[in-house]
Structures are given as C-alpha cells and as structure tokens.
Amino acid sequence: MNLDLLLLAAVDGLSYASLLFMIALGLTLICGVFGVINVAHGSFYAFGGYSAATVLAWLMPDDASVPLLVCALLCTAILVGGALGALLERGIMRRFQDRDPVLQLLVTFAVFMILENLQRMIWGSTPVNAGGLVGRMGTIELLGVTFMKYQLLLVPGIALASFFGLQCLLRYSITGRKLLAVIHHREVATALGIDAARMGLMTFALGGALGAVGGALSVPMTTFVPGVAADMVVTSFAVIATAGLGQITGALVASILIGQARALAVYTLPELEVVMPYLMMVLVLLIRPSGLFSVAEARRI
Amino acid sequence: MRHPAFSVGIGCASAALLAMAWIWPWTRMPVITFLCYGMAALGLSVLMRAGQVSFGHAMYALIAGYGAAFTVRTFPGTDALIALAAGVASAVIVGVVVAAFVSRYRGIFFGMLNLGISMVFYSLAGKLYTWTGGTDGLRLERPPLLGMALDRGGFEWGMTLLALLLALLLGWVVQRYFRSSAGQIAIAIRVNETRLEYIGLSARAAMIEAYVISSALVGIGGALLALAQGLMTPEGGYWLRSGEYVFIAILGGAGHAIGAFLGAAVFELILLVGAAYFTAIWQMVLGVTLLIVIFFAPSGLVGRFRQFRPGRAAEDQES
C-alpha cells in the first residue's frame, strides 16, 4: 500500500469520523442524562440531512455564495433537529420518564418507526443528494494529493468546533455545570435545586440539533435513501458503546478509531468495510466491559 | 394458567387457524409467518424475564435460515425436518459461543453487544456473495417433507401443520421452563442479581441457559420461515428485525408463553391490514401501537389480562 493511498484513506477516515462524532455526541449526551439509548436519533440525522438538501436545492440555482450555503445548511439542521428533539422530549419521553429503561428504549424505537414513516411521506423514496456544495467549495492540495475542501476542512472543522464548544459549555457555563450534575447523579442534582426536567428538554434539543447537523453535513457527500437512518444509528451505537456511555471525549476518540479503521478497510479489505465498527466495538467491550472511558460504578445491593 | 378453559381456548384457536389455512390457501404463508415470529418472540421473552433485551437476536434466525438453506442446497433431497434441525443446530452452536461472553453483560451493554455481533453477521451475509448470494439471497428448492415430495400448496399446508405443532410444543416447554426453578432464577437476575449471588446461585449460568434457549427458539422460527418461503436473504438478520421481535415480545408480555403468540398475532394482523388498506403508513401504525401498549400495558397483553384475575396474578407477580 503506497503513501498516497494511505493519505487518502486517512482523510476519508477523518471526515467519516467527524460525521460519526457529530451524531454520537448527541446520542451520548442524551444517554448521559436519561440513561436511555435514543433509537430515534437516526431520524434526527435523516431529517437534518433531508431538510438541508431541500434548502440547498432552493438556494443553489440562485447562485448563492458558499458561506451562505454552509450557513443555511447548518441553520436548517439546527432548527429542524432542535425542534424535533424538544418535541420528542416534551411530547413523549416525559410521559415515560419513570418507566423501566428498556421500555424507554422501546419508546424511542416506536418514535423511530413513526419518524421513518413521516420521512418517507415527506421526501418520498427517491435518492436525495446535495453534491453541488462539495463541488463549489473546490479542492485543495496536500502532499501532492488533491482533496475536497469540504471533506478536509469543513466537516472536521465543524466537528472539532462542536467538541470544544460543548466542552466549554459544560465546564464554564452555569447551565453546563447543572447539566453535568444531572448526568452525574440525577437525584442528588434535583435535591440541589436543579430543574432536571428543563435540563432534559435542553439535552434533547441539543442532541437533536447535533444529530441533524451530522445529517446535514453528510448529505453533500452521500446519498440519502429511506433506511439511511437505521444504518447510521447503529453505527453510532457502536461508537458510544465503544467509548463508554455518556463519555464525550471518549466519543471523539472512538469515532476517530472507528472512522480510520473503516477507511483502512475500504482500501484494503472492502468486504469488511461495514463490519469494522461492530468488530471494533465487540473487541473493545470484550476487554473493557463498559467501554474505553467508563468510570467504575458503585454496586447497589 | 392451568385452567381447563385455557387449554380449550388454545385448542379452539389452533383448530380455527388450521381451518382457515385449509379453506383459504393464501392464508397459509401469513399463518406460518405468524407462528415463526411467535416462536422467535418467545425466545426474546425468555431473556426478557431476566430483564435483558437483545437488539440482535435476529442473527439466530439468519444463521439458522442459512444453515437450513445450505443443507438443502448441498444435499439435494434432504428432508425439510433434517434441514430444520441442521439450521437450528447451527444457531444453537453460535448461541453457545456468544452466550459464553455476553452472559457477563447486563442492560444496555447486553443489548448493544448483541446488536454489534448481529450486525457483523448481517454485513457478512450481505457481502460474501459467493456463499450467501449477497443481498439477493439464496433460493432453495422445495425439500421433501417427511419423505413426501409435495407440490407448493401441499408443502405450505405441511409446513403450517409443522409450525403449529412446534409452536404448541415449544410454548408448553417454555412455560414449563418459566415455572421451573431455573426459570425463577432468571427472574431473580432482573429483580436483584447481587442477592441471587449471595444465596449461592450463579447468575451467569442462568443467563447462559436462558440465552441458549432463546437462540434455539429464534433459530427454529428463522429456519422454518426460510424453508417455507424457499428464500433466505440477509434482511432476516437486520437489527430492525430484532427490534420487531422485541416489539412482539413486549406487546404480548413475558408473563406467560402465550404472550409471544398473542403479540405475534397482533403484529401480523397490523402488517396484513396495513398492507391492504394503508400501505403508506403501516410503519406509523406499528409505532403508535407500540407507544400505546407501553403506555397502557407495560407488561403486555398477558399482564393486562392478569390484572383482572387477582388470584392468578400473585404467583407471577414478578414477571
């Protein structure tokens, strides 16, 4: 395998990892606060991607500038994802709050089925893509290999910005500290006067927005068809399980690991491409039963 | 529910199913599908009694289906029963190996690990074109049943009978297991595992046992369905299928073996009615049904039924 190919694989892996991270970030946040794996997260991703593609298709013919397009892409996704997330929490999750976590997981599965159907009703089953944006952003040369600017700069940039932004939010803002307290121990946090329900609503809105941005960023690079949500959500399950549930830095490391492993597999063993994330997850979980970055949990008798 | 009315009810329902399948041949495939889903969901409810939900059990349907398909294709003329046995045996072998390590995990990690392993099998089944036929799947010749070479209608009728017999038998066996001490230990895993260990019982052994039973049950459903359809595709092992099994098990309730079949009947009805009358929104109907069931009957149809019979409810309160 020559160096150019390795570089290509690394950049592919990087952009894939960034997308994966955006989606896993929302999922792991929700998981941290609610202790529930949100299957409907795949629908946030799909809705973000589809709506961004629709908006881009409106703007594209008017010869809009690239920054405007990118801005429109992000804003649409944040709005759609945030609204969906908030609606889901307010309308449904709150009513099942005290149920068994397994039942809550199934509630999100039910929501996923409903949203999947809605998505097919709104956008139909024709493939949707917004590749024009990638073309307009042009290319850049790195070590003699030509790359898409979109893939090399924009996507990883936004992923890193979200990571640092979220870390700052969690560490230095009051709301963020409250959120961390809820993640750490919901009951004690409530006893300290933190409105856990409001935090929950925020988390879902934020998680939804992150998932939708992930979708919006991938729609220029891949084609969206019905079923894309189901595929993406299980891959991001693999990421957060590898990372340890609720671990943000862990999610970053795990997405990079899984993204690079997948990109390497694409160039060397294409048969294993799809299997890679799950293989990694199974391997990690076998060695560290609750993920790479998990913290020890007290035993309750 | 050791009640004469219960046995009579089961008998009547079976007779009605058979009569329906005999009179309208087009109902045979839906009946077989319903019974196969019921058996698979029964496998999930075995695990659910231990408080564990697997989002990857469709892999055993996949493995058993391909096991049966390979048997039929490699040895033409093999009896359907032998192919079924071969399929189930392969699912059980994989189940034992997987159980050896997933039995340590609980809750979300148990579900995720199963999901991950099932996705490995699913992706491999889709990619290894030369062996599995890729996403087009494997077509299999109609095998003889009990030594008789049958035409399509006869074979489907035979498979309906076989599926019903197996469903009744397995339902009875699993209900016996639920009432046995091994089955009660599984409940204790959900209620309080630490206490279980303190009285000197191995939670891990109980988990392995429950897991292998569940993989066999899902395998039987999968292999039977593959043989009846004459086609095996990787779709049968996708995680959404596993989710459907969980859905059925929740819908029916894990309190009694009959729950899985009640759930499967409702599920199949929604699908059939949906396909006929509201093609565009059947998935939404499924989702809404699931929400309603979880909201109003978290322990499924069986749990709902038991609420009205307090005398009986006491013995399975924990389930």
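The fold of chain A, the surroundings of one of its helices and the contacts between chains A and B are described here for a predicted model.

Chain A contains twelve helices and two strands. In sequence order, its elements run α-α-α-α-α-β-β-α-α-α-α-α-α-α, with the two β elements following five α elements and preceding seven. Along the principal axes, a box of roughly 60 × 45 × 35 Å holds the C-alpha atoms of chain A. The radius of gyration of chain A is 19 Å, which agrees with the value near 19 Å that a compact globule of 301 residues would have. Buried residues make up 48% of the 301 residues of chain A. When contacts in chain A are restricted to residues at least 6 apart in sequence, 77% of them link residues at least 24 apart.

Helix H7 of chain A spans residues 174-184, and its buried residues are Lys178(A), Leu179(A), Val182(A) and Ile183(A). Viewed down the axis of H7(A), these buried residues lie within an arc of 140°, so they line one face of the helix. The packing partners of the buried residues of H7(A) are four helices of chain A: H1 (3-34), H6 (149-172), H8 (186-191) and H9 (196-218). On the face turned away from the buried side, H7(A) carries the exposed residues Ile174(A) and His184(A).

Leu68(A) belongs to helix H3 of chain A, which covers residues 66-91. Leu68(A) is exposed, because only 11 other C-beta atoms lie within 10 Å and a residue counts as exposed at 12 or fewer. Ile183(A), by contrast, is among the buried residues of H7(A). Leu68(A) and Ile183(A) are 115 residues apart along the chain, and 36 Å separates their C-alpha atoms.

Between the two chains, 36 residues of chain B are in contact with 36 residues of chain A. On the side of chain B that touches chain A, helices H5 (107-127), H11 (239-252) and H13 (282-296) of chain B each supply at least two residues. H5(B) provides the largest share of this side, with 13 residues. By residue class, the side of chain B that touches chain A consists of 27 nonpolar, seven polar and two charged residues.

Terms used:
Residues are numbered from 1 along each chain as its sequence is written. Chains are lettered from A and ligands numbered from 1 in the order in which they are written. This is a predicted model: local features need pLDDT of at least 70, side-chain atom pairs count only at pLDDT 80 or more; totals for chains, interfaces and linings use all residues. Two residues are in contact if their C-beta atoms, placed from the backbone, lie within 7 Å. Ala, Val, Leu, Ile, Met, Phe, Trp, Tyr, Cys and Pro count as nonpolar, Asp, Glu, Lys and Arg as charged, and the others, Gly among them, as polar. A residue is buried if 20 or more other C-beta atoms lie within 10 Å of its own, exposed if 12 or fewer, and partly exposed in between; C-beta atoms are placed from the backbone. The arc is that of the directions from the helix axis to the C-beta atoms. The radius of gyration is taken over C-alpha atoms; the globule rule is 2.2 Å times the number of residues to the power 0.38.
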